[in-house]
Amino acid sequence: MAFEWPHSAEAAISLTFDDGMRSQRETGVPLLNQYGVRGTFYVNPKDDYAAMLEGWRAAAEAGHEIGNHTVNHPCSKNFPFISEFGRRSLEEMNFADIAWEIDETNRRLGEVLPQRGPVSFAYPCYQPFVGRGAKRQSYVPVVLERCVAGRGRGEQSNDPRYCDLGYLWSWPCERAIGQTLIGIVEQAAVQGRWAILTFHGIQEGHLSVAEGDLAELCAHLQRSASHIWAAPVAEVAQWVSEKQKIGM
Ligand SMILES: [Zn+2]
């Protein structure tokens with residue numbers, strides 16, 4: 001039996017942007033607004049969080065989700081940006097450490113920005129573990145106790161009947177051209193699935209996508225709005241969660 005999306009849509013699409021980069025706020029948010037597409041922006045509210053999050057207030061008020069990406073962005077020590085800067089790695093952390101990262105981020109988001117229900121989480125570096133070797137454990141359960149869903153990376157779009165909301169698959173979209181991005185959307189429509197696209201910099205910074213290519217995708221989503229549901233991860237996750245609970 002086919003999965004039922006709202007308003008008989010053929011697929012769900014979520015555009016996600018990691019690391020709270022300036023180009024996302026200055027270029028990404030206005031672009032999405034222009035085409036009537038709401039996305040999810042995963043930020044790291046560090047020490048100067050109040051001022052930083054104020055910069056996202058307009059985006060939150062326009063209906064975009066400001067999601068949880070932890071305070072300190074912990075990743076494997078295998079990354080030089082962790083090991084060479086003496087930052088705490090996932091291998092050196094336990095459940096209590098990661099719980100603090102997620103709880104404190106939710107608290108800071110809630111303190112500064114208008115509440116729009118539960119937020120979703122994006123795994124820093126897509127990595128869902130703490131500890132190393134024989135002590136390595138998945139921290140997916142820690143996320144699900146605190147957020148409506150966790151976004152990782154994967155091989156395909158999500159099958160809403162079977163996907164694990166604790167570790168959703170997404171397509172890394174750095175350097176993708178517009179036609180490739182549209183292809184992901186159209187494939188999801190044929191399959192009745194939920195495609196999550198992950199972006200970082202727009203026309204700058206790390207893992208970037210060209211502004212023109214992102215604009216092509218947004219224009220396509222606007223043209224397809226009658227049959228393709230584009231919404232933030234938390235909104236789609238809540239819909240999928242309800243359907244999975246009743247066995248569909
Ligand atoms: Zn990140």
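Cysteine 147 is buried in this predicted model, at 6% relative accessibility. Cysteine 147 takes part in no disulfide, and the nearest cysteine sulfur, that of cysteine 163, is 16 Å away. Cysteine 173 is likewise in no disulfide, its nearest cysteine sulfur being that of cysteine 218 at 12 Å. With 1% relative accessibility, cysteine 173 counts as buried, because buried means under 20% relative accessible area.

**Disulfide**

A search of the whole structure finds one disulfide. Cysteine 75 is joined to cysteine 125, with an S to S distance of 2.1 Å. The torsion about this S-S bond is about 90°, so the disulfide is right-handed. Distant parts of the chain are linked by the pair: cysteine 75 belongs to the loop between E3 and H4, cysteine 125 to the loop between E4 and strand E5 (129-130), and 50 residues separate them. Cysteine 75 is buried, with a relative accessible area of 0%. Cysteine 125 counts as partly exposed at 21%, because the limit for buried is under 20%.

The accessibility values of these cysteines, together with those of some other residues treated in this report, are as follows.

| Residue | Relative accessibility | Class |
|---|---|---|
| Cysteine 75 | 0% | buried |
| Cysteine 125 | 21% | partly exposed |
| Cysteine 147 | 6% | buried |
| Cysteine 173 | 1% | buried |
| Valine 209 | 2% | buried |
| Histidine 73 | 10% | buried |
| Phenylalanine 79 | 30% | partly exposed |
| Phenylalanine 81 | 30% | partly exposed |

**Zinc site**

The zinc ion has the protein donors Asp19 (OD), His69 (NE2) and His73 (NE2), which lie 2.1 Å from it. Their spacing in sequence is D-x49-H-x3-H. Aspartate 19 and histidine 73 link distant parts of the chain, 54 residues apart: aspartate 19 is in the loop between strand E1 (11-18) and helix H1 (22-34), and histidine 73 is in the loop between strand E3 (65-68) and helix H4 (80-83). Histidine 73 is buried, at 10% relative accessibility. The loop between E3 and H4 also holds cysteine 75 of the disulfide.

**Nonpolar cores**

The largest nonpolar core has 39 residues. Those with the most contacts inside this core are Ile13, Leu15, Ile66, Leu197, Phe199 and Leu217. Helix H8 (residues 211-223) supplies the largest share of the core, six residues. Which residues does leucine 197 contact, leaving aside its neighbours within four places in sequence? They are Ile13, Ser14, Leu15, Thr16, Trp171, Cys173, Leu181, Ile184 and Leu217. A second, separate core has 20 residues, including Trp194, Ala234, Val236 and Ala237.

Valine 209 sits in the loop between strand E9 (194-199) and H8, and at 2% relative accessibility this valine counts as buried. Valine 209 and cysteine 173 are 36 residues apart in sequence, while their C-alpha atoms are 7.2 Å apart in space. Not counting residues up to four places away in sequence, valine 209 touches Cys173, Arg175, Ala176, Phe199, Gly201, Ile202 and Gln203. Cys173 is thus a contact of valine 209 and of leucine 197.

**Aromatic rings**

The whole structure contains 11 aromatic pairs. In one of them, phenylalanine 79 and phenylalanine 81 have ring centres 5.4 Å apart and planes at 40°, so the pair is tilted. Phenylalanine 79 is partly exposed, with a relative accessible area of 30%, and phenylalanine 81 is also partly exposed, at 30%. Another pair is formed by phenylalanine 121 and tyrosine 139, whose ring centres are 6.2 Å apart and whose planes stand at 80°, so the pair is edge-to-face. Phenylalanine 121 lies in strand E4 (residues 121-122) and tyrosine 139 in the loop between strand E6 (137-138) and helix H6 (140-144), so the pair ties together parts that are 18 residues apart in sequence. Phenylalanine 121 and tyrosine 139 are both buried. One aromatic cluster is made up of Phe3, Trp5, Trp229 and Trp239.

Two rings have an arginine over them. The charged end of arginine 136 sits over the ring of phenylalanine 129, at 3.6 Å from the ring centre. Arginine 153 lies over the face of tyrosine 126, 4.8 Å from the centre of that ring.

Definitions and conventions: Residues are numbered from 1 along each chain as its sequence is written. This is a predicted model: local features need pLDDT of at least 70, side-chain atom pairs count only at pLDDT 80 or more; totals for chains, interfaces and linings use all residues. Side-chain values use heavy atoms; hydrogens and water are left out. Donors are N, O and S atoms within 2.8 Å of the metal (3.2 Å for Na, K and Ca); water is not among the atoms, so sites may look incomplete. Helices (H or I, at least four residues) and strands (E, at least two) are DSSP runs, numbered from the N terminus. Buried means under 20% relative accessible area, exposed over 50%, partly exposed in between (1.4 Å probe, protein chains only). Rings of Phe, Tyr and Trp (its six-membered ring) pair if their centres lie within 6.5 Å; planes under 30 degrees apart count as stacked, over 60 as edge-to-face and the rest as tilted. A charge sits over a ring if NZ of Lys or CZ of Arg is within 6 Å of the ring centre and within 35 degrees of the ring normal. A nonpolar core is a set of buried Ala, Val, Leu, Ile, Met, Phe, Trp, Tyr and Cys residues joined through side-chain atoms within 4.5 Å. Contact means heavy atoms within 4.5 Å. A disulfide is a pair of cysteine sulfur atoms within 2.5 Å.
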